[in-house]
Amino acid sequence: MVLRAPIDPDVVAVEWENNVPLGLIDWNAYQIENPAGINGPAVVRGVLNPVSLDEKRVGFLIEFQITGENPVMSFGFENHQVYTIADATPMGDGWVRLNVFAARLDGSAFGNGLDSFEYTGRDIQARKFRFMPAGKIGDVNLDGAVDIDDLLLVANNQGLVGSIGVEDGDANTDGVVDLSDVQVVVEDLLTEN
Ligand SMILES: [Ca+2]
Ligand SMILES: [Ca+2]
């Protein structure tokens, strides 16, 4: 990946909520392509600013709705699973939400020395597009604490693979629930208090 532009405030403002830009800059570089021309999806490749986000786990949240006949939406942190429209969850008001996470194991960046991501979109409208710190790796049920419930979730889902997320017990976000996930949850459990 070649990063060829510094932050452009006009582009950074795509982080918004209810059409109000949040003004929080969490990208430190980006590249936008439109490889298939005007009708193709826009591809945004970016790098997160590590000092502005949690050291252990990073989250990405997009709330969107389909506005055209050929919708495309995909998002993936580098070296992690790529999520699409099919992975998003209906919110009950015509909008859908995709919420994904990436672990920084040992505090190191998750993409080739940089916390990078790739987003593709066409025929969708987003009302929220946000990168955020996402707490401890061991908090797989996302309730804010690392406790026995997280350990049970990881233990009960051993062997799970495929289109899975942190909430399925994939604590280290490598696409499979296995003993390494038990290990990171136990490590967080031991340091929780
Ligand atoms: Ca928890
Ligand atoms: Ca895993």
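## A viewer tour, starting at Asn79

Select Asn79: you'll land in the loop between β6 and β7 (83–84). The names here follow DSSP runs numbered from the N terminus, with helices being H or I runs of at least four residues and strands E runs of at least two. Before moving on, note that this is a predicted model, where local features need pLDDT of at least 70 and side-chain atom pairs count only at pLDDT 80 or more, while totals for chains, interfaces and linings use all residues. Residues are numbered from 1 along each chain as its sequence is written, and chains are lettered from A and ligands numbered from 1 in the order in which they are written.

Back to Asn79, which is partly exposed, with 13 other C-beta atoms within 10 Å. The count works like this: 20 or more other C-beta atoms within 10 Å of a residue's own makes it buried, 12 or fewer makes it exposed, and anything in between is partly exposed, with C-beta atoms placed from the backbone. Now add Asp115 to the selection: Asn79 and Asp115 are 36 residues apart along the chain, and their C-alpha atoms are separated by 9.8 Å.

**Zoom out to the whole chain**

Colour by secondary structure and you should find three helices and eleven strands. Their order along the sequence is α-β-β-β-β-β-β-β-β-β-β-β-α-α. Of the 193 residues in the chain, 27% are buried. Take the contacts between residues at least 6 apart in sequence (C-beta atoms, placed from the backbone, within 7 Å): 63% of them join residues at least 24 apart.

**Into the core**

Which residues have the most contacts inside the largest nonpolar core? Pick Phe75, Ala171 and Val185; the core has 31 residues. Such a core is a set of buried Ala, Val, Leu, Ile, Met, Phe, Trp, Tyr and Cys residues joined through C-beta atoms within 7 Å. To see where it comes from, highlight the elements that give it two or more residues: β4 (42–48), β5 (57–66), β6 (72–77), β9 (96–103), β10 (116–122), α2 (148–156) and α3 (179–191). β9 supplies the largest share, five residues. Colour domain 1 (9–133) and domain 2 (148–191) separately: both give residues to this core, so it lies between them. Those domain bounds come from an automatic or database domain assignment.

Centre on Phe75 next. Skipping neighbours within four places in sequence, its contacts are Phe60, Ile62, Tyr83, Leu98, Val100, Phe117 and Tyr119.

**Across from β5**

Stay with Phe60 for a moment and bring in Pro133: these two are 73 residues apart in sequence but 8.8 Å apart from C-alpha to C-alpha. Pro133 belongs to strand β11 and is partly exposed, with 13 other C-beta atoms within 10 Å. Then click Val58, in strand β5. Is Val58 buried or exposed? Buried, with 25 other C-beta atoms within 10 Å. Measure from Val58 to Phe110 and you should get 9.8 Å between C-alpha atoms, for a pair 52 residues apart in sequence.

**The helix pair**

Show just α2 and α3. Two packed helices are described by the angle between their axes and the distance between the axes. Here the axes come within 9 Å and cross at roughly 175 degrees. Axes are lines fitted to C-alpha atoms, for helices over the stretch in contact, with angles from 0 to 180 degrees between N-to-C directions. That makes α2 roughly antiparallel to α3, the word for angles over 145 degrees (under 35 is roughly parallel, 65 to 115 roughly perpendicular, the rest oblique). For the contact itself, select Asp150, Leu151, Val154 and Ala155 on α2, plus Asp181, Val182, Val185, Val186 and Leu189 on α3. By class that's seven nonpolar, no polar and two charged residues. (Ala, Val, Leu, Ile, Met, Phe, Trp, Tyr, Cys and Pro count as nonpolar, Asp, Glu, Lys and Arg as charged, and the others, Gly among them, as polar.)

Ala155 is partly exposed, with 15 C-beta neighbours inside 10 Å. Val177 sits 22 residues from Ala155 in sequence and 8.6 Å away in space, C-alpha to C-alpha.

**Two backbone oddities**

Most residues other than glycine have a negative phi. Asp123, in the loop between β10 and β11 (124–133), has a positive phi near 60 degrees. Asp123 is partly exposed, with 14 other C-beta atoms within 10 Å. Finish at Leu142, in the loop between β11 and α2, where phi is positive at about 60 degrees. Leu142 is partly exposed, with 15 other C-beta atoms within 10 Å.

Technical notes
Two residues are in contact if their C-beta atoms, placed from the backbone, lie within 7 Å.
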